[in-house]
Amino acid sequence: AGILCEADGERIYAGIGLNCNQVKFSTDLRTPAVSIRLIRSKSVEITPLCELLFANLHRAIHSPDWHTELESRLYLRGGNATIERDTSAGLTTEVVTILGIEHDGALTVRRASGEPDSLYAGEVTLTL
């Protein structure tokens, strides 16, 4: 899946892309892609999948414990990621440690200098 989040100061918008039944992907991708069909060795029905996804998203966003649940599922919490950001000096790349998610949706990281930082925009690539 791919997730794209944008914030406008008051709201956070999240887009989710799922590779469901694809069997071929471009060889030009930075990281290899896969689909549910390739993992399960059979095609997936889109409507039931979307119903399940939306029901779970609805439950999650209306839960009073959404932040605790989100942080408990944060992949690679305490692990490293590479971030790319456009700055006044151009595109910068840095390895950071993932710390958590703030209530406003920012990804909290520890920079190589040891300082905490809140990321609201940029590309995050997992370092496995």
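Q: Which word fits E10: buried or exposed?
A: The model is predicted: local features need pLDDT of at least 70, side-chain atom pairs count only at pLDDT 80 or more, and totals for chains, interfaces and linings use all residues. Residues are numbered from 1 along each chain as its sequence is written, and side-chain values use heavy atoms, without hydrogens and water. Buried means under 20% relative accessible area, exposed means over 50%, and partly exposed lies in between (1.4 Å probe, protein chains only). E10 has 71% relative accessibility, so E10 is exposed.

Q: Where along the chain is E10 found?
A: Helices (H or I, at least four residues) and strands (E, at least two) are DSSP runs, numbered from the N terminus. E10 sits outside these runs, in the loop between β1 (2-7) and β2 (12-17).

Q: What distance separates the C-alpha atoms of E10 and D104?
A: Along the chain, E10 and D104 are 94 residues apart. In space, their C-alpha atoms are separated by 8.9 Å.

Q: What pattern of helices and strands does the protein follow?
A: The protein has three helices and seven strands. Now read them along the sequence. The pattern is β-β-α-α-α-β-β-β-β-β.

Q: Which strand gives the most to the largest nonpolar core?
A: A nonpolar core is a set of buried Ala, Val, Leu, Ile, Met, Phe, Trp, Tyr and Cys residues joined through side-chain atoms within 4.5 Å. The largest one here has eight residues: A81, I83, V96, I98, I101, L107, V109 and L119. β3 (80-87), β4 (90-101) and β5 (107-110) each supply at least two of them. The most, three residues, come from β4.

Q: Why would nonpolar side chains gather in a core?
A: Look for a general habit. In soluble globular proteins, nonpolar side chains tend to be buried together.

Q: What share of the residues is buried?
A: The protein has 128 residues. The buried ones make up 18%.

Q: What part of the accessible surface belongs to carbon and sulfur atoms?
A: Accessible areas come from the Shrake-Rupley method with a 1.4 Å probe; for residues, only the protein chains shown count as cover. The accessible surface of the protein comes to about 9,600 Å². The part belonging to carbon and sulfur atoms is 55%.

Q: How many disulfides does the protein have?
A: A disulfide is a covalent bond between the sulfur atoms of two cysteines. The rule used here asks for a pair of cysteine sulfur atoms within 2.5 Å. By this rule, the count is zero.

Q: Why is C20 not bonded to C50, and what is the distance between their sulfurs?
A: C20 is buried, at 12% relative accessible area. C50 is partly exposed, at 27% relative accessibility. The closest cysteine sulfur to that of C20 is in C50, and this is too far for a bond because the distance is 6.8 Å.

Q: How far apart are the centres of the positive and negative side chains?
A: Lys and Arg count as positive and Asp and Glu as negative; His and the chain ends are not counted. Each charge is placed at NZ of Lys, CZ of Arg, CG of Asp or CD of Glu. There are 12 positive and 17 negative side chains. The centres of the two sets lie apart by 10 Å.

Q: What is the phi of S41?
A: S41 lies in the loop between α1 (36-40) and α2 (46-61). S41 is exposed, at 66% relative accessibility. S41 is not a glycine, yet its phi is positive, at about 65°.

Q: Where is L76 placed?
A: L76 is also not a glycine, and its phi is positive, at about 65°. L76 is partly exposed, with 23% relative accessible area. Its place is the loop between α3 (66-72) and β3.

Q: Which residues does V34 touch, not counting those up to four places away in sequence?
A: V34 is found in the loop between β2 and α1, and V34 is partly exposed at 43% relative accessibility. Contact means heavy atoms within 4.5 Å. By that test, V34 touches N19, F25 and I39.

Q: Leaving aside neighbours within four places in sequence, which residues are in contact with L99?
A: L99 is in strand β4. L99 is partly exposed, with a relative accessible area of 27%. The contacts of L99 are R77, T108, V109 and R110.
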